[in-house]
Amino acid sequence: MGKVIACSNHKGGVGKTTSVVNVGAGLARLGRKVLLVDMDPQANLTQSFGVNKPEYTIYEALKGEHELMPIEVNDNLDIIASTLDLSGAEMELSSEAGREYIFTELLDPIRDNYDYVLIDCPPSLGLLTINALTAADELYIPLQPHYLAIKGLTKIIEVKDKVRKRLNRKLEITGVFVTQYDKRKILHRDVVDTINTYFQDKVFDTKIRDNIALAEAPSMGMDIFRYNEKSYGAEDYLKLCKEILVRQEG
Ligand SMILES: Nc1ncnc2c1ncn2[C@@H]1O[C@H](COP(=O)(O)OP(=O)(O)O)[C@@H](O)[C@H]1O
Ligand SMILES: [Mg+2]
């Protein structure tokens, strides 16, 4: 059964998309069959793979126009693309019966074609994120090491608890990790201590360092392994992937 992991944090710019792209690419390199779902109207994940005018998108699928249509972007790696149109979906779907389950229903027939399905959520906690959390087995939260990073988390934990109670009893936070980390900064080390105290064994040992190659790769339509395999970014995301596989597969 394909494992479905939603990557969410309603704060923007924390590394959700970068992490879904590069964890996805890393797991694919490690031989797993991976599907990435772009659930964000900004379509950054889609663009990160150089997919510009996708024929099929999550938007039309959510509206019932077609099934989920994966686009192959590399060996073992498919994506469900997004477009700006998706920004209208929350309003358009808001009065549908069972609106929180639309994506779960779409994913059902194809999830077992994959070992892992990773969902890149938008920077909000609206209906698109709820659809992702309803379909997910697990929730990963990327964080930037700032003082306010933890404060903002109460909201996403509240939403996770509600989804768990009403829509998806299996949903759990199973992974928290720090991105854009600079170990020379005392602030960063302090925030990591706080995160460890709060989330304990949910926190991954791997910290994703601040690395310019990670910011450059999307403009070339490449993941970090194709863009610069020798970068810190590639090293960190590969390490994170291996940690994920140990947790998932032992
Ligand atoms: N570890 C990192 N080092 C340097 N830049 C990063 C790193 N992670 C993400 N970025 C850059 O920071 C910005 C925000 O990251 P992104 O993954 O788009 O965040 P989100 O999806 O949470 O909004 C992007 O321009 C991205 O390229
Ligand atoms: Mg994003």
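Which residue stands opposite Asp120 in strand 5? I began my notebook with this small point, and I found that Cys7 is the residue facing Asp120 there. I note at once that I am working with a predicted model.

**Entry on strand 5 and its partners**

From that pair I moved to the strands themselves, and I saw that strand 1 and strand 5 run parallel and are joined by five bridges. A further pair that I looked up between them is Ile5, whose bridge partner in strand 5 is Leu118. I then turned to strand 2, which covers residues 34–38, and found that it also runs parallel to strand 5, with five bridges joining the two. Here I wrote down Val34, which stands opposite Tyr116 in strand 5.

I next asked whether the residues of strand 5 are buried or exposed. Five of its five residues are buried, and I therefore recorded the strand as mostly covered. When I followed the side chains, I saw Tyr116, Leu118 and Asp120 pointing one way from the strand, while Val117 and Ile119 point the other way, and all of them are buried.

**Entry on the whole sheet**

Stepping back, I looked up the order of the strands and found an open sheet of seven, arranged 3-4-2-5-1-6-7, with mixed pairing. At its edges I found strand 3 and strand 7 (172–178), each of which has a single partner strand, so one side of each is left without a neighbour in the sheet. On average, and with direction ignored, neighbouring strands of this sheet are turned by 25° against each other.

I also checked how helix 1 lies against these strands, and I noted that it lies across strand 1, strand 2, strand 3, strand 4, strand 5 and strand 6, running at about 165° to strand 5.

**Entry on helix 6**

Why did I record helix 6 (residues 127–135) as largely enclosed by the rest of the structure? Nine of its nine residues are buried, and that is the reason for the description. Among the buried residues of this helix I listed Leu127, Thr129, Asn131 and Thr134. I then looked for what covers them, and the elements I found include strand 1 (3–7), helix 4 (89–92), helix 5 (102–107), strand 5 (116–120), strand 6 (138–143) and helix 8 (153–166).

**Entry on ligand 1**

Around ligand 1 I found 16 residues, of which the closest are Gly15, Lys16, Thr17, Thr18 and Ala215. The elements that give two or more residues to this shell are helix 1 (16–29) and helix 10. Helix 1 supplies the largest share, which is three residues. Sorting the shell by character, I wrote down five nonpolar residues, nine polar ones and two charged ones.

**Entry on two loop residues**

Last, I looked up two residues with positive phi that are not glycine, beginning with Asn76, whose phi is near 65°. Asn76 lies in the loop between strand 3 (71–74) and strand 4 (77–80). I noted Asn76 as partly exposed, because 18 other C-beta atoms lie within 10 Å. The second residue is Gln200, with a phi near 45°, and I found Gln200 in the loop between helix 9 (186–199) and helix 10 (212–216). Because Gln200 has 9 C-beta neighbours inside 10 Å, I entered this residue as exposed.

How values were computed: Residues are numbered from 1 along each chain as its sequence is written. Chains are lettered from A and ligands numbered from 1 in the order in which they are written. This is a predicted model: local features need pLDDT of at least 70, side-chain atom pairs count only at pLDDT 80 or more; totals for chains, interfaces and linings use all residues. Helices (H or I, at least four residues) and strands (E, at least two) are DSSP runs, numbered from the N terminus. A residue is buried if 20 or more other C-beta atoms lie within 10 Å of its own, exposed if 12 or fewer, and partly exposed in between; C-beta atoms are placed from the backbone. Two residues are in contact if their C-beta atoms, placed from the backbone, lie within 7 Å. Two strands pair if DSSP finds at least two bridges between them. A residue is near a molecule or strand if its C-beta atom, placed from the backbone, lies within 6 Å of it. Ala, Val, Leu, Ile, Met, Phe, Trp, Tyr, Cys and Pro count as nonpolar, Asp, Glu, Lys and Arg as charged, and the others, Gly among them, as polar. Axes are lines fitted to C-alpha atoms, for helices over the stretch in contact, and angles run from 0 to 180 degrees between N-to-C directions.
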